[in-house]
Every structure is written in C-alpha cells, then in structure tokens.
Amino acid sequence: MAAHPRYPRVFTPLDLGFTTLKNRILMGSMHTGLEDIEGGFERMAAFFAERARGGVGMIITGGIAPNHEAGGGGKLSTPEEAALHRIVTEAVHAAAPDVKIVMQILHAGPLAGTPACVAPSAIRSRIGRYTPNELDEDGIEKQLADFANCAVHARAAGYDGVEIIGSAGYLLSTFLVEKTNTRTDEWGGSFENRMRFPVEVIRRTRAAVGDDFILIFRIPAMDMLEGGMSGEEVIQLAQAVEAAGATIISTHFTWHEAQVPTIATMVPRAAFAEVTGRIRRHVNVPMITSNRINMPDVAEAVLEAGHADLVSMARPMLADADLVNKAWEGREDEINTCIACNQACLDHTFTGKLTSCLVNPRACNETLMPVLPATTVRDLAVVGAGPAGLAFAVEAAQRGHKITLYDAAGEIGGQFNLARRVPGKEEFSETLRYFKRMIDKLGIMLKLGTRVDADLLAAAGHDEVIVATGIRPRTPDIPGITHAKAVPYIDAILGRRPIGRSVAIMGAGGIGFDVATLITHAGPSAAVDIPTFCREWGVDFVNHPRGGVTGLVPQIEKADREVVILQRRDGAPGKTLGRTTGWTHRLSLVRRGVKMLGGVTYLKIDDEGLHTLVNGEPRLFAVDTVIICAGQEPERSLYDALVARGLRAHLIGGANEAAELDAKRAIAEATELALAS
Ligand code: FAD
Ligand code: NAP
Ligand code: SF4
C-alpha cells in the first residue's frame with residue numbers, strides 16, 4: 001500500500017511476528033473508575049469500542065490487579081472475573097477486528113491502599129496510606145504466580161495481550177531502587193538482584209501465556225527520584241526484560257511521589273521521547289513512547305526522529321475518540337485536542353470520581369450520552385461563544401439543529417482567550433481552533449461583534465435562546481476599589497493597564513494563581529521549550545543522571561517584581577487548585593519568589609497601597625498595584641429580560657452559576673443540554 005502522504009510512519013503497520021498492529025498509535029492505559037462500578041463493564045465496552053472504531057491500532061485498558069494485596073478496583077484472578085471482561089474484548093473486536101486490546105496488570109505494591117499491601121521492604125511511600133508488608137520468599141513466589149495467573153485469565157477473556165506496569169512506585173519498581181528495596185537476599189542489593197523480580201514476572205508470564213500473546217513491559221525509563229535508576233540500569237533492565245520474553249517495551253516517566261510534572265499542560269509536547277529513543281538503540285523489541293503527545297504531527301515527528309516504534313496517546317483518546325481516523329482522512333483540524341489540564345481525568349481518578357474529559361464530557365459516558373439526530377429540527381440562538389456556548393452550538397448543530405451563535409467580542413472563546421495567554425496554558429488555543437473549524441464545517445451562523453439584547457432576539461424569531469453569557473468579575477466592596485492602583489484581572493491579563501514592580505493579588509483562586517504566573521514570567525514558557533522546562537524543574541534528559549534529576553537544582557528565572565497572593569480564608573492559598581496540578585503551580589510560583597498569605601481582611605486601597613488586617617493585626621502592603629481576582633458573578637441580565645418577555649430561554653455555564661465554575665462544568669452542562677434538545 002502507498003505510504004500516507006502526511007503521516008507515513010504513523011500509518012505503517014508493525015509486524016510483531018505472530019500478529020500485526022495496523023498503525024503506530026495506541027491508546028495508553030488509564031484508570032477510568034468504570035472497573036469499580038455496577039454496570040461498569042458495559043460502559044467500558046462502549047467506551048473502548050468507540051475508540052476502536054476511531055482507528056487506533058491498539059488499546060490498553062486501565063490497570064487490573066492480579067490479587068487482593070495488589071489493590072485497585074478491578075481484580076482478575078478467577079474464571080468468573082474473566083467472564084466479566086468478555087463483553088469488553090468482544091465489543092472491541094466486533095467494532096474493529098483489526099484493533100488489538102491489551103489488559104494492563106497493575107500491582108500497586110506499597111500504593112495499594114490496603115493494609116494487606118506488600119513490597120520488597122517495609123518502607124512506606126510518601127504518598128502511601130499504609131506501611132507495606134515485607135514479602136518473604138513464599139510471598140514473592142505467590143506474587144510471581146499471581147501475575148502469570150492473571151495473564152492466563154486475560155487471555156481466556158479474549159484479550160490480545162497484557163501490559164505489566166513496572167514503574168510509577170508500584171510493586172515492580174520498588175524492587176528496582178535502593179530507596180525502597182533494602183533486602184540483602186537475592187532480590188535486593190546489587191542491581192542484578194534488584195531487577196530480578198520484574199524480570200522474573202515477565203519470564204513467568206511469558207511461559208504461562210505462550211509465544212503468540214502480546215506482552216508489554218512498562219519500564220521506569222526515568223523515575224525522577226533522587227538516587228533513582230541510572231540510564232545504564234534502565235538499559236540493562238530493558239535488555240533483560242526483552243530476553244525474558246517481552247514483545248514490546250513501553251517507557252514510563254516518573255513515580256507518583258516525584259516532584260516533576262510529567263503530563264500537565266506546562267510540560268512541552270513529546271518532551272520525554274528522546275529518553276525512549278536512547279533506550280531503543282539498545283534493544284531489538286519495538287518501543288513505545290508517551291507523555292504529552294497529543295496530535296498526529298507530534299507522533300509522526302517522534303517516529304521520524306527514531307525515538308520510538310509506537311506512540312501512546314492516552315488522554316488524547318478521551319478528548320477525541322476519532323483522532324486517528326481524522327489524521328488518516330486529513331481532517332486533523334477537526335481533532336478535539338487534549339489540553340493536558342487533568343481536570344476531568346486524573347483529578348477525578350485521584351478523588352475517587354469516574355474519569356471523563358473536560359473537552360469531551362461524553363468520554364466514559366457513551367452509553368448515557370448518545371448522540372442522536374434531532375427529532376424536531378429547531379432554529380436556536382446561542383448567545384455567548386465561550387466554552388459553554390461553543391460546546392452547545394457544535395453538539396446541537398451536529399444533531400441537525402439550525403444554530404446562530406452570537407458574541408459581543410470580535411473572536412470566539414470567551415475567557416479561554418484570557419486563559420491561553422497564561423504561560424503553560426498555550427494548549428487552550430487548540431480548543432478554540434477545534435471550535436472554529438467545527439463552526440465552519442457545520443454551517444453555524446456566527447455573529448461576532450454583536451452584543452445581543454432581548455429586542456434583537458425577539459425580532460430574529462428564533463425558536464429558543466441558549467444564554468451562555470458567562471460572568472462578570474466580582475468587585476469587592478471596599479473603599480478605594482476604583483483607585484488607580486486597583487486593576488481588574490482582565491485588564492492585567494490583556495495588558496490594558498500597567499502593572500508595577502510590587503503587586504498584591506487579591507484572591508487566590510485559579511485566576512489569582514494564573515495572574516501571578518503571567519506577571520512573574522520571564523523568558524520562554526517551559527510549556528513550549530524543552531531546555532527551559534528542564535532548567536525550571538531540574539531534569540536532564542540528555543545525560544540522564546540517576547532518576548534524571550539527581551544533583552540538579554531547579555533554576556527559575558525570577559521576575560523583576562515582588563508579588564504576594566492573598567486570600568481571606570485561613571491557611572495556605574492554593575488548596576482549591578486541581579488535585580494533580582495544583583502543586584506544580586504552587587511550587588513554581590514559590591520558586592519565582594511569590595509570597596502567599598491567608599487570613600487577610602481587606603480594609604482599603606489608597607496611595608499607600610493595600611491596607612489589611614492579617615490574623616487581626618493591621619498590615620499595609622505598600623504595593624504599586626493591587627490586582628483584583630476576587631471571583632466572579634453570573635452575567636444573567638439577558639436571560640432575565642428574555643424570560644420577562646416570555647421567550648423560551650435556557651441558561652448554561654457561568655451565566656447559570658458562577659460559583660466553582662470552570663470550563664469542565666461549562667462544557668458538560670452545554671453538552672448535556674445540546675444532546676437533550
Ligand atoms: P465565558 O467564557 O465567560 O463566555 C461568555 C461569552 O459571552 C463571552 O465571550 C462574552 O463576550 C459573551 N457575552 C456576554 N454577554 C453577551 C451578550 N449580551 N451578547 C453577546 N455576547 C455576550 N477553566 C478551567 O476549567 N481550567 C482552566 O485552567 C481555566 N483557566 C482559566 C484562566 C483564566 C485566566 C481565566 C480568566 C479563566 C480560566 N478558566 C479555566 C475558567 C473558564 O475559562 C471559564 O469557566 C469558562 O470560560 C466559562 O465559560 P462560559 O462559556 O460559561 O463563559
Ligand atoms: P475562585 O476560584 O472562586 O477564587 C476567587 C478568590 O477570590 C478566592 O481566593 C476567594 O477566596 C476570593 N474572594 C471571593 N470573594 C471575595 C471578595 N468579596 N473579596 C475578596 N476576595 C474574594 O475564582 P477565580 O479565581 O476567579 O476563578 C474562576 C473559575 O475559573 C474558578 O472557579 C476556577 O475553577 C476556574 N479556573 C481554573 C483554573 C485551573 O487551573 N483549573 C485556572 C483559572 C481559573 P477568599 O474568600 O478566601 O478570599
Ligand atoms: Fe486531556 Fe483535560 Fe480531557 Fe484529561 S480532562 S483528557 S487532560 S483535555
């Protein structure tokens with residue numbers, strides 16, 4: 001077959017000897033939470049089948065435990081449990097017989113969240129709930145047997161293979177480093193001894209499943225631990241795992257307890273791929289790379305550079321199930337790109353909620369949110385082209401409704417046009433590119449620069465109006481709030497007002513932190529420049545010191561500006577930020593010299609600065625500028641006017657409820673209404 005004109009490497013099949021992968025993009029493993037709920041397997045089947053139809057070559061499921069002590073939700077160790085998985089494997093193979101589905105076996109070791117958890121040594125992880133039970137010789141033998149047993153049942157359940165995770169601070173990786181393995185027997189001490197357990201897991205599993213079954217080992221390619229694995233040790237392990245029978249080696253970066261962001265939106269695209277490439281030169285089996293590869297051109301570039309044989313995209317497949325088909329058909333501008341926010345995926349996983357996606361709320365909800373053609377086609381006006389209005393307009397137009405989308409601004413995007421100016425949030429522009437393209441494609445009538453009122457809408461004669469008019473920034477009622485020193489956050493972000501050398505930020509929500517990032521930034525954004533990322537987070541991809549980080553001190557260029565972030569409630573600011581990304585924002589601001597303070601009562605702003613009480617004591621912040629980031633209130637006047645005139649109207653997004661509003665809620669609310677309209 002002729003090579004694909006734009007993505008020749010992505011669309012070259014990979015012959016594994018006993019089977020073939022039809023292309024080089026796979027959906028990486030993600031815990032969805034569906035494994036743990038009633039009816040979850042049916043939902044998982046629909047979720048994976050939609051991705052199989054979307055053209056991906058191979059799907060790897062979320063982690064399944066091989067026994068009780070391995071923790072996690074789903075376990076597979078019996079024929080009865082295997083029977084539950086059949087619905088998933090059959091759905092995927094029925095949807096696309098040429099797509100492989102591989103089950104990940106996850107033994108969480110000391111992170112298992114059960115008092116029965118086990119590890120090579122009784123050393124509690126910084127993020128673990130329990131001190132693990134040290135495995136004795138019988139215990140080690142049992143774990144080895146349980147891995148093999150789990151893989152045998154996976155095969156019986158119809159999977160095409162298994163992936164064994166040997167990274168992240170889970171069981172296998174805790175054998176590999178001295179920090180968690182202090183044994184003096186044959187499973188500890190020298191590196192040969194420390195890698196014995198993971199290698200033996202692969203050997204036993206291969207022996208149990210036979211030669212014609214995909215066996216992937218997820219290697220801790222760079223564990224981000226002080227004193228972690230050296231580059232040479234990683235290569236040694238890769239070679240040993242290959243010899244033990246792995247079909248493919250997949251690179252994984254970081255342990256969960258490490259303090260380097262590896263998938264957040266502030267990480268540059270494909271930043272880690274060259275580490276995979278270095279290991280790849282020393283093995284003969286195909287290698288998978290991952291992390292922040294979210295578009296087909298990035299995948300193609302990684303393959304072209306020789307960094308990997310296969311590219312894993314996990315979150316991008318939540319964001320757009322059809323990503324691969326769209327690349328194949330030259331419709332990449334229609335890809336709804338993962339912006340790496342973690343807000344509806346990893347943040348949900350770590351707070352016990354089901355996984356979904358900020359830009360695609362149907363992810364993992366396919367059975368609950370089917371997209372059906374509208375039974376009655378209606379003429380709908382959508383007012384506001386922020387995330388809520390855009391999501392409604394596109395979903396409703398796809399169902400066949402006639403849509404007119406109005407916005408007072410000269411461009412679509414609403415507050416996303418502010419968000420994307422923040423260093424580290426460059427990806428937000430992709431969401432707007434997607435919406436722009438879909439507006440064109442679906443023939444949505446776009447009326448920009450049009451501030452809409454009830455008269456205009458009544459005259460236009462639409463059947464219904466969807467009010468997505470967003471928010472108004474909250475203006476705290478304190479003396480001096482209109483003083484020249486007081487600057488609303490919108491003016492600060494858009495550069496409409498000068499910001500002085502010393503700044504107090506009033507309000508420590510997401511916007512307060514983003515404004516602090518913006519005004520303390522100097523030099524290129526780490527999100528788009530790998531050397532800057534490495535410098536700011538203390539990582540060396542090239543020389544690969546132990547763990548990639550040993551002996552390196554993060555170096556952030558400090559801005560020539562003193563900034564303090566304030567909040568009224570007691571305690572450290574930043575607690576409301578995202579579970580998996582908040583720490584990165586806090587840490588990078590602290591490293592930039594930004595101060596943070598809670599327990600503040602605002603008294604007034606005058607020529608001297610911001611007068612406050614801090615824990616009851618008077619305190620003057622003698623600053624040049626006070627940036628107001630004090631939350632938001634719903635902009636609902638249009639809705640009230642429409643209702644007063646008896647017009648049919650619906651409220652979505654910030655206009656509906658501004659408290660705890662984010663784009664996740666705005667888009668989800670809009671999508672639900674559009675699918676029901
Ligand atoms: P908006 O985005 O406010 O859009 C409302 C639109 O309505 C505007 O375009 C406005 O011009 C238009 N409009 C209003 N009245 C009229 C009228 N009468 N006629 C015509 N048009 C009208 N959220 C996240 O989830 N994650 C983040 O990381 C994140 N970062 C952010 C960073 C910053 C700096 C900011 C400011 C916000 C951030 N947000 C983030 C919040 C997110 O952008 C909002 O929650 C989201 O934009 C709300 O969407 P919306 O459509 O309801 O309203
Ligand atoms: P927010 O998160 O609600 O924070 C508002 C801040 O203002 C808080 O610190 C609040 O804390 C303070 N405040 C509230 N009322 C005040 C008043 N009357 N006077 C003075 N201070 C007051 O809202 P936001 O920062 O404006 O962000 C808006 C939304 O966008 C958020 O809900 C957020 O989810 C979303 N967003 C998300 C991200 C992200 O990275 N995920 C980034 C940006 C924005 P105190 O009351 O304790 O002072
Ligand atoms: Fe990507 Fe954010 Fe969706 Fe997660 S929630 S898949 S990070 S866009």
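**Exercise 1.** Which residues are around ligand 3?

*Solution.* This is a predicted model, where local features need pLDDT of at least 70, side-chain atom pairs count only at pLDDT 80 or more, and totals for chains, interfaces and linings use all residues. Residues are numbered from 1 along each chain as its sequence is written, chains are lettered from A and ligands numbered from 1 in the order in which they are written, and side-chain values use heavy atoms, with hydrogens and water left out.

Step 1. Apply the cut-off: a residue is near a molecule if one of its heavy atoms lies within 4 Å of it.

Step 2. List the residues. They are Arg315, Leu318, Cys338, Ile339, Ala340, Cys341, Asn342, Ala344, Cys345, Cys357 and Leu358.

Step 3. Sort them by class. Ala, Val, Leu, Ile, Met, Phe, Trp, Tyr, Cys and Pro count as nonpolar, Asp, Glu, Lys and Arg as charged, and the others, Gly among them, as polar. The shell of ligand 3 then holds nine nonpolar, one polar and one charged residues.

**Exercise 2.** Describe the polar contacts and cover of ligand 1.

*Solution.* Step 1. Find the neighbours. There are 33 residues around ligand 1, and Gln343, Asp407, Lys425, Gly654 and Ala663 come nearest.

Step 2. Look for polar contacts (pairs of N or O atoms within 3.5 Å; within protein, one must be able to donate a hydrogen and the other to accept it, and residues adjacent in sequence count only if both atoms are side-chain atoms). The side chain of lysine 425 places an N or O atom 2.7 Å from an oxygen atom of ligand 1. Alanine 388 uses a backbone N or O atom, 2.9 Å from an oxygen atom of the ligand. For glutamine 415, a backbone N or O atom also lies 2.9 Å from a ligand 1 oxygen.

Step 3. Check the cover. On its own, ligand 1 has 1,000 Å² of accessible area (Shrake-Rupley method, 1.4 Å probe). The protein covers 91% of that.

Step 4. Sort the shell. It has 17 nonpolar, ten polar and six charged residues.

**Exercise 3.** Between which domains does ligand 2 lie, and why?

*Solution.* Step 1. Find the shell. Ligand 2 is surrounded by 21 residues, and the closest are Ala508, Ile511, Arg568, Arg569 and Leu661.

Step 2. Take the contacts. Arginine 569 has a side-chain N or O atom 2.9 Å from an oxygen atom of ligand 2. A backbone N or O atom of isoleucine 511 lies 3.0 Å from a ligand oxygen.

Step 3. Compare domains, whose bounds come from an automatic or database domain assignment. Domain 2 (379–473 + 647–676) and domain 3 (486–522 + 557–630) both give residues to the shell, so ligand 2 lies between them.
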